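Me: Let us go through this structure by question and answer. Please reason briefly each time and finish on what was asked.

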Number of protein chains: 2
Amino acid sequence: MIMSINPWEDTIIALITPAGRGAVGVIRISGPDTIPLLSHVFPKAQVNQWPSHTPKLAQFYAGQEKLDEVLVTLFRAPKSYTREEVAEISLHGSPYILRQAINTLLKAGARMANPGEFTQRAWLNGALDLTQAEAVADLIAAESALAHKAAFSHLKGGFSDKLQELRTELLTLAALLELELDFAEEDVEFADRTQLLITLQKIQTEVTRLSNSFQLGNAIRNGIPTAIIGKPNAGKSTLLNALLKEQKAIVSDIPGTTRDIIEDKLFIGGGEFRLMDTAGIRATEDVIEQAGIQKTKEAIASAQIILYVLDSTQETPQQAVIWCENNLSFSENTQLIILGNKSDLLSNSIDPDKNSKYVYLPIAAKTGQGIEALLQTLTDLAGFTEVPDVLVTQARHQEALLHTTTALNQVQLAFEEQLPTDLIARDLRDALYHLGTITGEISPDEILGSIFSKFCIGK
Amino acid sequence: MIMSINPWEDTIIALITPAGRGAVGVIRISGPDTIPLLSHVFPKAQVNQWPSHTPKLAQFYAGQEKLDEVLVTLFRAPKSYTREEVAEISLHGSPYILRQAINTLLKAGARMANPGEFTQRAWLNGALDLTQAEAVADLIAAESALAHKAAFSHLKGGFSDKLQELRTELLTLAALLELELDFAEEDVEFADRTQLLITLQKIQTEVTRLSNSFQLGNAIRNGIPTAIIGKPNAGKSTLLNALLKEQKAIVSDIPGTTRDIIEDKLFIGGGEFRLMDTAGIRATEDVIEQAGIQKTKEAIASAQIILYVLDSTQETPQQAVIWCENNLSFSENTQLIILGNKSDLLSNSIDPDKNSKYVYLPIAAKTGQGIEALLQTLTDLAGFTEVPDVLVTQARHQEALLHTTTALNQVQLAFEEQLPTDLIARDLRDALYHLGTITGEISPDEILGSIFSKFCIGK
């Protein structure tokens, strides 16, 4: 591993449980001064003689005052999360006590940990690689079963192992070529070029497969942005309620931070759909509504699935599609689903347009008719029914894989054009470099900064 | 100890850290099925062979799925918080993971703990007495240094020891009287009545002293309700800001739950003042404002200290006092402080009325002049400068002490009137009963129910 950041000498602390009042709050300490800090706040205890991995009941002093009676566990290096000296103190979960305890430790020379700093130290000390470190943050953030499973698999090294495999194959390839290079003046061609090309193509296929898994991986990690649109009184709200009633998991309203559009989370098929209720969309000339409509349009542009709800007694699917095409702009990959609501009020059923790209589903949001079919359609469209064991979930990884692919394509071209071995070797080293940035074997500083700053404090 | 509740046979669980996303969330298990439950969620581990007090890294399974890699510590009975078999599991602080983990444990036969149920079991099993158990909740709720100190002292048995002392003395008294009773037919007077009376009076003095400490104890535990009133533009807001700027601790706005009056917490002298900003008070006939004024009047009636802010260029202290007396109703014990604001704009200083019960202080909220003196006056009035080591903080304890006093007065009367020994003994047993309810040696069910229901879940 390349240490691109100086080893940190200071001892860091953080409240590792959520802020607020509770039965228990836990403060973690990590670094070389862990034991001196403990001796400072537990003056009556023989901290030096405490065995590792053994919770001790002790009196926490803030200066001369007894602050709390706590349970404290020392994890001696390297058998700890960060592989440094670590202690975890379980205090009474009073904001007053936790504040005083942290202030006491800070005054005694500790420093507040930056977001993700414990995990960053764990990574620096070789306890896990970069994809595993990133998976820690993903695991904590995961809200759906699939997002959780993907993060946990990454944490346990599922992704790293796959990358390591590819890396080993590339290294073998590189070694053979470098050997050729050493003897270049003797004009020998050691490696069997055909065999090399077959190996290369196998690697290319695998990298492409991984890279292609990002669309699904991203949908699993971040949820699928899904816009609900339609004319007033078409039944959007009724549909939303019907959908949310179907799910067994907890539903939360989060005010969109940038969009000012209310998002509801729908968990089905183990995955997450971020339903954007765009109440504002309609063909209006009202100037006052323009700002709202602009936001709605942005939401639609960002959506991967659009649910267009229409009142079957007022509007046909064909009319709806024409209206969408004339009024909205969304990408090629956006899937439009026309929901013929109030279909139970029609005497005849509507024939969907077989040639159209859109999906048509008759529903009756009020009675729940057709909702099951809609949920199944959403799950199928999302790809949540067939999830591979290893998949790419982070844009950073995807970007590195795309760079790797580019470099590998260069290698292939060089092979085919029988370019000199040293040029091929250079492209191969390029591919290895980009692959290495994923697990952190090669890790530019700017990447590290952005990775760990996204963590919560305490991890 | 009298077991007034049947011992509980089931095993309880709770998230003992605050809800929400964080680095770590801790689930506690307590009860006879702790080890079977652990074996269920850690199927790959030899839980039976785990030593006590030793954190283990283990894979938590939710059914067939690996849910998380966690640190779990077993505390074998009786060396645990509840003195039952206890385990604490530190999981990744993901709401999804914590929800799944709790569901898995519930499905396997655990029950969600009621508020305070862990502490209630600790008390039932003799790990602490009732005042200590109550102190756990107070310790977690404490926001000021004095409230924290009082709760911690109670937790460590400071109050219990004092009560135990009194109880022992009363028991000696009772034993001597009972002995007399046994030999009553022989008409013997064993005990030296004068000596008994002296002992009794000593106990009475001590109980009264404790009981009197409740006013301060309550102020320390709950903060001192302090209303800020005055005419519009007298400078109430400026004063509020000046006061809040002075404090070093964290200030929080809590919307009054019943009063609809905004409360600000002011921490000075180690104690807490609950500042009620009653913007609505003024001599108005406006019907629409009536509801707001009613609420303001209620706030004033509940206040222990009233800060009347006046504009010195517009109103004299005497006018203010007359206005208050005519328009407000507050109790005898309420302290009125007249703050002559904008005093820097006056050419002559105002002579305070020496004979009045109110305190007059000239201030200039804008420049901060006089604020220090006000803070000192508040701290002195609150009694925060001289806090005894042992004090009564809970209304339940106070009530029991008042009952004890009544019974002791009966005993004294009976002594003085030379009533038969058996009547005296009955009153003495009454006093012992009421004293015993405080520590829970005697504990009617209805008291227990109300005590533990006020706890947070997980304690």
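Me: Which residue in β5(A) stands opposite A:Thr73?
Reply: This is a predicted model, in which local features need pLDDT of at least 70, side-chain atom pairs count only at pLDDT 80 or more, and totals for chains, interfaces and linings use all residues. Residues are numbered from 1 along each chain as its sequence is written, chains are lettered from A and ligands numbered from 1 in the order in which they are written, and side-chain values use heavy atoms, with hydrogens and water left out. Strands β4 (residues 65–75) and β5 (residues 86–92) of chain A pair in the antiparallel sense over five bridges; strands are DSSP runs of E of at least two residues, helices are runs of H or I of at least four, both numbered from the N terminus, and two strands pair if DSSP finds at least two bridges between them. Opposite A:Thr73 in β5(A) stands A:Glu88.

Me: Which strands of chain A stand at the edges of the sheet?
Reply: Six strands of chain A form an open sheet of mixed pairing, ordered β3-β4-β5-β2-β1-β6. Each edge strand has a single partner, so one of its sides is left without a neighbour in the sheet; the edge strands are β3 (56–62) and β6 (111–112).

Me: Which helix of chain B packs on the sheet, touching β3, β4 and β5 of chain A?
Reply: Contact here means heavy atoms within 4.5 Å. The direction of the helix makes about 70° with that of β4(A), where axes are lines fitted to C-alpha atoms, for helices over the stretch in contact, and angles run from 0 to 180 degrees between N-to-C directions. The helix, residues 145–155 of chain B, is α5.

Me: What rotation superposes chain B on chain A?
Reply: The copies are superposed by least squares on the C-alpha atoms of residues with pLDDT of at least 70 in both. The shift along the axis is 0.0 Å and the RMSD is 0.1 Å, with a rotation of 180°. The two copies are thus related as by a two-fold rotation axis. The same surface serves both copies, since the share of contact residues of chain B that recur in chain A is 100%, and the rotation asked for is 180°.

Me: What area is buried between chain B and chain A?
Reply: The contact takes 48 residues from chain B and 48 residues from chain A. Buried area is the accessible area (1.4 Å probe) that two parts lose on being put together, summed over both. Carbon and sulfur atoms give 64% of a total of about 3800 Å².

Me: Which residue of chain B meets A:Lys156 in a salt bridge?
Reply: A salt bridge is a side-chain nitrogen of Lys or Arg within 4 Å of a carboxyl oxygen of Asp or Glu. Across the interface of chain B and chain A the rule finds two salt bridges. At 2.4 Å, N to O, the partner of A:Lys156 is B:Glu69.

Me: Which helix of chain A holds A:Arg221?
Reply: A:Arg221 forms a salt bridge with A:Asp138, the closest N and O atoms being 2.9 Å apart. The pair links distant parts of the chain, 83 residues apart: A:Asp138 lies in α4 (residues 130–141) of chain A, and A:Arg221 in helix α8 (residues 214–222).

Me: Where is A:Pro78 found?
Reply: The peptide bond from A:Ala77 to A:Pro78 is cis, with omega near 0°. Most peptide bonds are trans. A:Pro78 is found in the loop between β4 and β5 of chain A.
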